[in-house]
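Student: Could you take one part of this structure and go through it closely? I would like to know how the helices lie against each other, and then how the strands are arranged around them.

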Amino acid sequence: RKPEDIVNEVKTLAATGVKEVVLTGIHISSYGTDLENISLIELIEAIHEIEGIKRIRLGSLEPRIITEEFAKRIAGLEKICPHFHLSLQSGCDKTLKAMNRKYNTEEYYEGCVKLREVFENPAITTDVIVGFPGETEEDFLETRKFLEKVHFYEMHIFKYSRRKGTVADKMKEQVADTVKSERSAVLLALEKAQSLEYRKMYIGKRLEVLIEELTEIDGRSYYTGYTKNYIRVAIAADEFKDNPVNDIYECMADKLICDGVTILARCN
């Protein structure tokens, strides 16, 4: 899409009251390669100038786009949400090569370091596949250690699913479903622990929340929304005199609820 088309769409959304936009696509890291004189960072900077937009969130990024220059430029934009989904798939270089991924774990980790150098505690999320053909127990342990090293905010864990006609379908050493389930369970437990630890760091701190909807939790009404780093926050509905949906509020984080996935906060 031409940059002016995207900018005009965001301007139209802003005019209707939209405060947060998400830039997404199949491969947004490559935006601009088929156009002239435009790149993803330049598009982001153009959207950043649009009045009314308060937050810009990015979809899934390829690790290699996180160069020192890219990190510094987005860090200089106050509307950017410090929430980055960097595709990983495996923490084992042997498996990444088998998947035909164009990066290795060292490059991936360097990207995370660059983001953490310019943002205070950014929320880094990822996808991980377990049980890819040829993944040994040693390969899996290598992946687990790498995930522990990076320490993600959230991880989406998937078991490799065989698809006819794909290169991976023809590979030898297909991993048994029982092994996939065992490995998935290990990483799901790790994900829950890391995610809980990340959220706990914000208890007792002031947060800015963009309210999205009215919902019910344990029989009581709450307005829920998200911080810039994508932590779900709930505030008791009776704290508001008017409908707060689509407005940004500053609140104090009190405690974790909903099995640790939501922060209960108060505005007063």
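Tutor: Helices H3 and H5 are roughly parallel to each other, because angles under 35 degrees count as roughly parallel, over 145 as roughly antiparallel, 65 to 115 as roughly perpendicular and the rest as oblique. This is a predicted model, in which local features need pLDDT of at least 70 and side-chain atom pairs count only at pLDDT 80 or more, while totals for chains, interfaces and linings use all residues. Residues are numbered from 1 along each chain as its sequence is written, and side-chain values use heavy atoms, with hydrogens and water left out. Helices (H or I, at least four residues) and strands (E, at least two) are DSSP runs, numbered from the N terminus.

Start with the pair just named. H3 covers residues 68–75, and its axis comes within 9 Å of the axis of H5, with a crossing of roughly 30°. Axes here are lines fitted to C-alpha atoms, for helices over the stretch in contact, and angles run from 0 to 180 degrees between N-to-C directions. The crossing of H3 past H5 is right-handed; a crossing gets that name if the near helix is turned clockwise from the far one by less than a right angle, and is left-handed if anticlockwise. On the H3 side, Glu68, Ala71, Lys72, Ile74 and Ala75 take part, and they meet Lys114, Leu115 and Val118 of H5. Contact means heavy atoms within 4.5 Å. Sorted by class, this contact of H3 with H5 has five nonpolar, no polar and three charged residues. In that sorting, Ala, Val, Leu, Ile, Met, Phe, Trp, Tyr, Cys and Pro count as nonpolar, Asp, Glu, Lys and Arg as charged, and the others, Gly among them, as polar.

H5 has another helix beside it. The axes of H5 and H6 (residues 137–150) come within 11 Å and cross at roughly 15°, which means that H5 is roughly parallel to H6. H5 passes H6 in a right-handed crossing. From H5, the contact uses Thr105, Tyr108, Tyr109, Cys112 and Arg116, and from H6 it uses Phe146, Lys149 and Val150. By class, the contact of H5 with H6 has five nonpolar, one polar and two charged residues.

Now look at what H5 lies on. H5 (residues 105–118) lies across strands S3 and S4, and runs at about 165° to S4. These strands belong to an open sheet of three, in the order S3-S4-S5, with parallel pairing; two strands pair if DSSP finds at least two bridges between them. S3 (83–85) and S5 (154–159) are the edge strands, each pairing on one side only. From one strand to the next, the twist averages 15°. Three bridges join S3 to S4 (residues 123–130), and in S4 the bridge partner of Phe84 is Ile124.

Closer to the start of the chain numbering there is another helix pair to set beside these. H1 (residues 3–15) and H2 have axes that come within 10 Å and cross at roughly 30°, and H1 and H2 are therefore roughly parallel to each other. The crossing of H1 and H2 is right-handed. Pro3, Ile6, Val7 and Val10 of H1 meet Leu43, Ala46 and Ile47 of H2. By class, the contact of H1 with H2 has seven nonpolar, no polar and no charged residues.

H2 (residues 40–48) also has strands to go with it. S1 (residues 20–23) and S2 (residues 55–58) run parallel and are joined by four bridges, with Val22 standing opposite Arg57 in S2. Together, S1, H2 and S2 make a right-handed β-α-β unit. A crossover is right-handed if, with the strands pointing away from the viewer, the path from the first strand over the helix to the second runs clockwise.

Last comes a sheet of another kind. Five strands close into a barrel in the order S6-S7-S8-S10-S9, with mixed pairing. Neighbouring strands of this sheet are turned by 50° against each other on average, direction ignored. S6 (residues 206–217) and S9 (residues 248–257) run antiparallel and share five bridges; in S9, the bridge partner of Glu208 is Glu250, and that of Leu210 is Ile248. S9 is also joined by five bridges to S10 (residues 262–266), again antiparallel, and Leu256 has Ile263 in S10 as its bridge partner. The hairpin of S9 and S10 has four residues between the strands, and there Cys258 takes a positive phi near 55°.
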